[in-house]
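Subject: Structure handover

Hello,

Please find the structure below. Notes on what was found in it follow.

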Amino acid sequence: MKKTKRILVTVIATLGTVLTFAQTTSTGAEFGVKGGVNFSNLYTEDVDDNNVLTSFNAGFYAKLPITESVAIQPEFLYSRKGAELVYDNAFAQGTAKFKLNYIEVPVLLKVNIMKNFNIHAGPYFAYLIDAQVTNESSNANFDFEQNYDNDDFNKFDAGLSAGFGFDFDNIGIGFRYNYGLTTVGKERSFGGVTYTTPDGKNSNLSLYMALKLN
């Protein structure tokens, strides 16, 4: 929690710097804030819609025009990803949640197909600032959340982003999908056997709203 608060303070301070620059620039760059809802999962081989964790993302963006219809859009976001696992077996019933809190930096090529409609795509890079594993089980002895801490997860994540959006005078809305290329969990060794858990990669669909500030 303390780490999260420090990151949010950093985001606010950085946003203030960006807005100060926006007031003095004459390049036609656009700056704003954005946020939305995440529907995330962890996948191994194929992405499916099971075990979806609903969470959020928030941060700010800069739109840097190349031509009238093409721009580079870097973003700086706080984004919670992960998965929700519902289990029902002979030992216990319950729900486990993997909540992975990232600072995420997408760098997107944004193309306006029409005046108010855009498509965008590019890589994203992320740093894990906190991992929370919770477990609600019918069996008090079936509680694996104590087996995980921040050191059990890879700090860096990277992948591909793509989406589309609608831009109006000062407000934009859109959908975006992030396809992670990095395994979330680290390798572990137990009894001479090496394994990785969680062995999935991030998969995240987000619905967002953006507010132009200059």
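In the element string used here, helices and strands are DSSP runs, of at least four residues for a helix and at least two for a strand, numbered from the N terminus. Read that way, the elements of the chain run α-β-β-β-β-β-β-β-β-β-β from the N terminus on, that is, one helix and ten strands. Please note that this is a predicted model.

Chain as a whole

The chain has 214 residues, and 42% of them are buried. Its exposed surface comes to about 11800 Å², with carbon and sulfur atoms supplying 60% of that area. Among contacts with a separation of 6 or more, 64% are between residues 24 or more positions apart.

Largest pocket

The volume of the largest pocket is about 420 Å³. It is lined by 25 residues, and Glu-30, Lys-63, Asp-167, Phe-168 and Asp-169 are the closest to its centre. Two or more lining residues come from each of β1 (30-43), β2 (53-65), β4 (93-114), β5 (117-137), β6 (156-167), β7 and β10 (201-212). Strand β7 gives the largest share of the lining, four residues. Sorted by class, the lining holds ten charged, eight nonpolar and seven polar residues.

Two residues in strands

Ile-173 belongs to β7, which covers residues 171-183. Is Ile-173 buried or partly exposed? Its relative accessibility is 34%, so Ile-173 counts as partly exposed, since that class lies between the 20% and 50% cut-offs. Apart from neighbours within four places in sequence, Ile-173 is in contact with Gly-165, Phe-166, Tyr-208 and Met-209. With Met-209 the C-alpha to C-alpha distance is 4.4 Å, although the two residues are 36 apart in sequence.

Ser-79 sits in strand β3, residues 70-88. Ser-79 counts as buried because its relative accessibility is 1%, and the cut-off for buried is under 20%. Which side chain does the side chain of Ser-79 join in a polar contact of 2.9 Å? The partner is Asn-38. Asn-38 also appears among the residues that Ser-79 touches, along with Phe-56, Asn-57, Leu-100, Asn-101, Tyr-102 and Glu-104, when residues up to four places away in sequence are not counted.

Regards

Note on methods:
Residues are numbered from 1 along each chain as its sequence is written. This is a predicted model: local features need pLDDT of at least 70, side-chain atom pairs count only at pLDDT 80 or more; totals for chains, interfaces and linings use all residues. Side-chain values use heavy atoms; hydrogens and water are left out. Buried means under 20% relative accessible area, exposed over 50%, partly exposed in between (1.4 Å probe, protein chains only). A polar contact is a pair of N or O atoms within 3.5 Å; within protein, one must be able to donate a hydrogen and the other to accept it, and residues adjacent in sequence count only if both atoms are side-chain atoms. Contact means heavy atoms within 4.5 Å. Accessible areas come from the Shrake-Rupley method with a 1.4 Å probe; for residues, only the protein chains shown count as cover. On a 1 Å grid over the protein atoms alone, a cavity is a set of points where a 1.4 Å probe fits but cannot get out, and a pocket is an open set with protein on both sides within 12 Å along at least five of seven lines; lining residues have an atom within 4 Å of a point. Grid points are joined across faces, edges and corners, and a volume is the space filled by probe spheres set on the points. Ala, Val, Leu, Ile, Met, Phe, Trp, Tyr, Cys and Pro count as nonpolar, Asp, Glu, Lys and Arg as charged, and the others, Gly among them, as polar.
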